[in-house]
Amino acid sequence: MSPPHRAAAAGDTARGTASTPSPGFDAAWAHPLLGRMLRDRSRRRQLDRRHPWLLDTATVLFMLLVSLPDLLMVDHGSPFGDEAARDALRPAVLYVFVAALVVPLWWRRRAPATVYFTILAVNLVEWSAGVWLRAGTATLIALYTLARNGSLRVLGWAVGLSVGSLALAVYALAPIEHPLLGSFFLLGTMTAAVAVGLTVRIRGLYLAALEDRARQLEVEQEQRVRLTAAAERSRVAREMHDIVGHNLSVMVSVADGAAVLAGNRGERSAESLRILGDTGRQAMSELRRVLGVLREGADDERPLAPQPGIADLDPLLARVRAAGLPVTYRTVGDPDALGDGVQLTVYRIVQESLTNTLRHAGPGASAEVRVAVAPGEVRVRVADTGTAPEPEPSDDTAGHGLVGIRQRAAMYGGTVVAGPREGGSGWLVDVVLDVPSAPPGSPASPAPPAPPAPGEQL
């Protein structure tokens, strides 16, 4: 977006409207002549920002071109000054006057006050010699620059000194033929230079204020978005804590009480009930960790347990066996050499597969888990001897059951085969993950973890 468009956008934002230029501004840009002028002006401003010395050099060259008749002494016609006095000056003195009036303009934007008072002093010396040079126009350029970029207090002193110097020159130092008309012309041009400089200055300040206001509004809008997101996360965390946390707490309490009662009676279900209570407490711990992520700044100092890996399959299988499902477990290769992300994916695949087996396999079923690590791939095979589970929906419930397994495998470009075993007895989940081989001795880089799918805790 060009600077004029940015300025218009900032103005609209500051007024609380849409951050787009006004219809009138768009119409100006659409007009052939006005649009061309605005685009040219925008290009000149960009060029001046990149190469500021170009405009200063062009100004000096322009003033030298204006002063060329004086330097060549080919035109003696002037409404100001005495022609005889100018002819009496040596060419070298004339060149010095022109150079002293024009060359300081090269520094006019870096030191506007110094340049203006330098040119004014040279003008006083010039007028004392009874000469009026065309290079004296540099005074107007220096005064305009001072009004645009300099101190306003210094500008007031500069205007007062200019008026006094002109009056002294017109009526005493270098009298002219029509002093009143000359004074009116000189004061008018000086007033126009100051007015134009102040107008450009005020416009620049206005545009800067609009841009600053637009930036503030952007920051405020971003802060409002963050606050809204934080409030929504806090609400979701609160709802999950009130609903899921409460129900889990009730289940754990009931399981613990039933385990104590069964233990006092010597029943064999006491161990299963204790495992149920421990599993519920583990689920509550993981739930608190997830809620801590949702709540910004809440319980940040609480120590977090590492993500499970292949080494944690043994405790997982022990809980599954205690729940009544016989499980055999075999590994091939070196699973510990896998990265943390791959190990977490293998753990979740086995966990979800065995969860489905517990839900759907029925009594008397058994399961077999096999993890094979080969160069460039990892194969996870979970097979049971129960009845095949019902197929799960795959539209809006993505992330549950078999769909969740496919999503985790897709993170590593893997393939999933899930369906009844050959012969129609039992269910098979066969997952192949594409894992690049790491150089020997270098730690495997963890892959980005997938969001935990609901229902993954046993």
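**View 1. E222 and R226 form a salt bridge.** In this predicted model, the closest N and O atoms of E222 and R226 are 2.8 Å apart. Both residues belong to helix α11, which covers residues 179-265. Because E222 and R226 are 4 residues apart in that helix, about one helical turn separates them. How accessible is each partner, E222 and R226? E222 is partly exposed, with a relative accessible area of 41%, while R226 counts as exposed at 56% relative accessibility.

**View 2. E368 and R330 are joined by a salt bridge.** Here we turn to a pair in two strands. The closest N and O atoms of E368 and R330 are 3.6 Å apart. E368 sits in strand β2 (residues 367-374) and R330 in strand β1 (residues 327-332), so this pair ties together parts that are 38 residues apart in sequence. E368 is partly exposed, with a relative accessible area of 27%. R330 also counts as partly exposed, at 47% relative accessibility.

**View 3. R109 meets D56 in a salt bridge.** The closest N and O atoms of R109 and D56 are 3.1 Å apart. Which parts of the chain does the pair link? R109 is in the loop between α7 (91-102) and α8 (112-128), and D56 is in helix α4; these distant parts of the chain are linked by two residues that are 53 residues apart. Is D56 buried or exposed? At 4% relative accessibility, D56 counts as buried, because buried means under 20% relative accessible area. R109 is partly exposed, with a relative accessible area of 26%.

**View 4. D56, R109 and R110 belong to one network.** Take a step back from the R109 and D56 pair, and R110 comes into the picture as well. Salt bridges that share partners join D56, R109 and R110. For the wider setting, the structure holds 6 salt bridges.

**View 5. L47, W53 and L54 make a nonpolar patch on the surface.** Our last stop leaves the charged pairs behind. Together, L47, W53 and L54 have about 270 Å² of accessible area. Where is L54 placed? L54 lies in helix α4, which spans residues 52-66, and D56 from View 3 is in helix α4 too. L54 is partly exposed, with a relative accessible area of 33%, whereas D56 is buried at 4%.

Methods:
Residues are numbered from 1 along each chain as its sequence is written. This is a predicted model: local features need pLDDT of at least 70, side-chain atom pairs count only at pLDDT 80 or more; totals for chains, interfaces and linings use all residues. Side-chain values use heavy atoms; hydrogens and water are left out. Patches are made of residues with over 30% relative accessible area and no salt bridge: like charges are joined within 9 Å, nonpolar side chains (Val, Leu, Ile, Met, Phe, Trp, Tyr) within 5 Å. Accessible areas come from the Shrake-Rupley method with a 1.4 Å probe; for residues, only the protein chains shown count as cover. A salt bridge is a side-chain nitrogen of Lys or Arg within 4 Å of a carboxyl oxygen of Asp or Glu. Buried means under 20% relative accessible area, exposed over 50%, partly exposed in between (1.4 Å probe, protein chains only).
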